[in-house]
Amino acid sequence: MRVKDTGGLIDTVSHIVHVGDPGSNTPPTARCTVTPASGPAGTIFTFSAASSTDGQDAAKDLLARWNWYAGGWDTDWLPITQQQTHQFNYTGEYDVRVRVKDTGALSDDATCTVRVVDESNTPPTAVLAITPSSGTITTTFTIDPTGSHDDEDSLPYLSVIFDWTDDGVYDTSWLNASQIQHVAFPNVWGDITVRMRIKDTGGLTDESAQTIHVTTPYRLFLPAIH
Ligand SMILES: [Ca+2]
Ligand SMILES: [Ca+2]
């Protein structure tokens, strides 16, 4: 780097950087663990990257640096065996990032998610109303979650997710709890249990289910067996 002043006088400084062939070195595998995983504001979370591994270097030779929020790194390079503690002042979910570096300067990132909860928060109550309670495969059912309630959050701040056929797999994304859904069941009939999970802004949940009966509108004539 050369610096020139307004009188034209110059000074120069240089730094050598080494660009090496990684050869047979392979990057480490970063791992992040945290205890506890959640707590109220002010909780001291303890983070560790000590379970990170590398194909060439022993754990004592691996270095880690930490990032508590989005943005730049918050620590220098430290031994991975050195635990880190951090507190968060506001409720929410935080993705804490760690970068682990081996002696060959190859690196890997891992993330720990911690949840800072409002301890005074109480869970919502899920209320699911499906009408009609029985119909055919051409019936459009009205799925009404709006009887649900929460002591802290009003209805539009609550989210609901549905498992239409009670197979344990949710079939929607998180939807606004103030929205009424209209759903038909053209491919299944019999007793169908619709399951709904509701979530408040603090992440607390409740569940409700209702069983409806769906028949085919066609008369099925089964063969008689003699
Ligand atoms: Ca390596
Ligand atoms: Ca609540």
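Let me begin with a definition: a donor here is an N, O or S atom within 3.2 Å of the metal when that metal is Ca, and because water is not among the atoms, a site may look incomplete. Please keep in mind throughout that this is a predicted model.

With that definition, I turn to the calcium ion, ligand 1. Its protein donors are Asn25 through OD1, Thr26 through O, Asp54 through OD, listed twice, Gln56 through OE1, and Asp102 through OD. These atoms lie 2.2 to 2.7 Å from the ion. Along the chain, the donors follow the spacing N-T-x27-D-x1-Q-x45-D. The site links distant parts of the chain: Asn25 belongs to the loop between S2 and S3, whereas Asp102 belongs to the loop between S9 and S10, 77 residues apart.

Why is the arrangement called irregular? The 6 donor atoms subtend angles of 50 to 174 degrees around the calcium ion, and that spread makes the arrangement irregular. As for Asp102, is this residue buried or exposed? Asp102 has a relative accessibility of 3% and therefore counts as buried.

I now come to the backbone. As a general reminder, most residues other than glycine have a negative phi, and most peptide bonds are trans.

Two peptide bonds in this model are cis. One runs from Thr35 to Pro36, with omega near -15 degrees, and Pro36 is placed in the loop between S3 and strand S4, residues 38–40. Another runs from Thr131 to Pro132, with omega near -10 degrees; Pro132 sits in the loop between strand S11 (129–131) and strand S12 (134–136).

Positive phi values also deserve mention. Ala105, a residue other than glycine, has phi near 70 degrees. Ala105 is located in the loop between strand S9 (92–101) and strand S10 (107–117), and with a relative accessible area of 55% it is exposed. For Asp166, phi is near 55 degrees, again positive in a residue other than glycine. Asp166 occupies the loop between strand S14 (159–163) and strand S15 (175–176), and its relative accessible area of 34% makes it partly exposed.

Finally, the surface. Which residues form a nonpolar patch there? They are Met1, Val3 and Val13, which together have about 310 Å² of accessible area. Of these, Val13 lies in the loop between strand S2 (10–12) and strand S3 (33–35). Val13 has a relative accessible area of 43%, so it is classed as partly exposed.

Note on methods:
Residues numbered from 1 in each chain as written. Chains lettered and ligands numbered in written order. Predicted model: local features only at pLDDT ≥ 70, side-chain atom pairs only at ≥ 80, totals over all residues. Heavy atoms only, no water. Patch = residues over 30% accessible without salt bridge, like charges linked within 9 Å, V, L, I, M, F, W, Y side chains within 5 Å. Areas by Shrake-Rupley, 256 points an atom, 1.4 Å probe, with all protein chains shown as cover. Salt bridge = Lys/Arg side-chain N within 4 Å of Asp/Glu carboxyl O. Helix = DSSP H or I, 4+ residues; strand = E, 2+ residues; numbered from the N terminus. Buried < 20%, exposed > 50% of the residue type's maximum accessible area, 1.4 Å probe, protein only. Donors = N, O, S within 2.8 Å, 3.2 Å for Na, K, Ca; no water. Tetrahedral: all angles 85-135°; square planar, octahedral: opposite > 155°, others 65-115°.
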